Amino acid sequence: MSDSAQSLRIRWQEALVAARGGTEGPDPLPYADNLLARWAEPQRKYHTAAHLTAVLDRIDTLAGHAADADAVRLAAWFHDAVYRPDRSENEERSAVLAERALPEAGVPDAVTVEVARLVRLTVSHDPAAGDTNGEVLCDADLAILAASPKEYAEYAARVREEYGFVPDEAFREGRAAVLRQLLDLPALFRTPHGAERWEPKARHNLLTELELLAR
């Protein structure tokens with residue numbers, strides 16, 4: 001097992017044990033291994049364990065803003081656990097997976113409900129005002145948009161690779177619609193850190209990609 005996979009297993013264990021609130025439960029690691037196998041599926045080019053790691057890192061950065069950072073961390077593990085680029089119900093199926101797995105793993109019902117809600121929120125990335133858990137997860141998931149130009153170009157290329165079955169013209173139209181939807185949000189980032197550090201860079205990157213798609 002790679003060092004990165006082992007590190008992720010430990011992070012899962014810590015988040016799950018914390019979410020249990022001190023109650024006993026099954027060994028966390030088989031659940032981590034099941035999820036890591038999902039994140040390693042061959043159709044994934046961007047939505048991989050590297051993306052999961054990046055989201056967890058950003059959640060650590062933003063954790064002080066969340067009402068329940070461990071619930072947010074669990075939601076990160078599940079938010080793309082089911083991912084088929086040719087299907088539209090990935091978030092719902094991922095939320096259902098969380099609703100099935102977390103009670104079995106010893107997580108209280110209230111935390112399970114919150115995790116599933118957060119996973120479903122990644123459809124829109126538009127948390128309500130005051131939804132600090134949602135703000136942290138959505139900001140962490142979208143933080144790639146504020147990457148350096150080189151990293152952003154690599155991200156965009158990997159997304160295109162995931163949708164390799166889509167003809168170029170159709171992809172450009174669909175991707176442009178996604179970018180416009182994001183740009184139409186009042187704010188891409190809702191946490192103070194995200195608003196200050198990531199918003200300007202992200203909007204610049206999105207506008208640049210939109211211009212390139214139009215050529």
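How do the residues of the lining of the second largest pocket divide into nonpolar, polar and charged? Keep that one in mind for the second view below. The model shown here is a predicted one.

**View 1. The largest pocket, where four helices meet the lining.** Start with the space itself, which comes to about 910 Å³. Four helices each give two or more residues to the lining of this pocket: helix 5 (90–104), helix 7 (132–142), helix 8 (149–162) and helix 9 (168–183). Helix 9 is the top contributor, giving eight residues. Altogether, 36 residues line the pocket, and if you want to find its centre, look for His47, Glu91, Tyr163, Arg175 and Val178, which lie nearest to that point. As for chemistry, the lining has 18 nonpolar residues, ten polar ones and eight charged ones.

**View 2. The second largest pocket, with helix 3 in the lead.** Here is the reply to the opening question: the lining splits into ten nonpolar residues, one polar and seven charged. The volume is about 340 Å³, and 18 residues make up the lining. Ala54, Arg58, Ala143, Ile144 and Ala147 sit nearest the centre of this pocket. At least two lining residues come from each of helix 3 (49–62), helix 7 and helix 8. Helix 3 gives the most, with five.

**View 3. Helix 5, a helix with one buried face.** This helix runs for 15 residues, and its first and last C-alpha atoms are 21 Å apart, close to the 21 Å expected at 1.5 Å a residue. Which of its residues are buried? They are Asn90, Ser94, Ala95, Leu97, Ala98, Ala101 and Leu102. Look down the axis of helix 5 and these buried residues fall within an arc of 160 degrees, so they line one face of the helix. A general point helps here: an α-helix has 3.6 residues a turn, so residues three or four places apart point the same way. The cover over the buried residues of helix 5 includes helix 1 (3–20), helix 2 (29–39), helix 4 (69–79) and helix 6 (109–121). Over on the other side of helix 5, Arg100 and Glu104 are exposed. Just past the end of the helix comes Gly106, with a positive phi of about 95 degrees.

**View 4. Glu104, an exposed residue of helix 5.** Zoom in on Glu104, which has its place in helix 5. Its relative accessible area is 53%, over the 50% cut-off, so Glu104 counts as exposed. Even so, Glu104 has partners beyond its neighbours within four places in sequence: Pro26 and Tyr31 are in contact with it. Pro26 is 78 residues away from Glu104 in sequence, yet their C-alpha atoms are 7.9 Å apart.

**View 5. Helix 8 and what covers it.** Helix 8 has 14 residues and spans 20 Å from its first C-alpha to its last, close to the 20 Å expected at 1.5 Å a residue. Tyr152, Tyr155, Ala156, Val159 and Glu162 are the buried ones in helix 8. Viewed down the axis, the buried residues of helix 8 stay within an arc of 115 degrees, so they too line one face. Helix 9 and helix 11 (199–213) are among the things that cover them.

**View 6. Glu135, a buried glutamate in helix 7.** Is Glu135 buried or exposed? Glu135, found in helix 7, has a relative accessible area of 9%, which is under 20%, so the residue is buried. Leaving aside neighbours within four places in sequence, its contacts are His65, Pro127, Ala128, Gly130, Arg190 and Thr191. For a sense of distance, the C-alpha atom of Glu135 is 22 Å from that of Ala49, which is 86 residues away along the chain.

**View 7. His125, a residue with a positive phi.** His125 sits in the loop between helix 6 and helix 7. Its phi is positive, at about 50 degrees, although His125 is not a glycine. His125 is also buried, with 11% relative accessibility.

**View 8. Glu169, out on helix 9.** The last close-up shows Glu169, which belongs to helix 9. Its relative accessibility is 53%, so Glu169 counts as exposed. Leu213 lies 44 residues from Glu169 along the chain, and the C-alpha atoms of the pair are separated by 9.4 Å.

Conventions: Residues numbered from 1 in each chain as written. Predicted model: local features only at pLDDT ≥ 70, side-chain atom pairs only at ≥ 80, totals over all residues. Heavy atoms only, no water. 1 Å grid on protein atoms, 1.4 Å probe; cavity = no way out; pocket = protein on both sides within 12 Å on 5 of 7 lines; lining within 4 Å. Points joined across faces, edges and corners; volume = space filled by probe spheres on them. Nonpolar A, V, L, I, M, F, W, Y, C, P; charged D, E, K, R; others polar. Buried < 20%, exposed > 50% of the residue type's maximum accessible area, 1.4 Å probe, protein only. Expected span 1.5 Å × (residues − 1). Arc of directions from axis to C-beta. Contact = heavy atoms within 4.5 Å.
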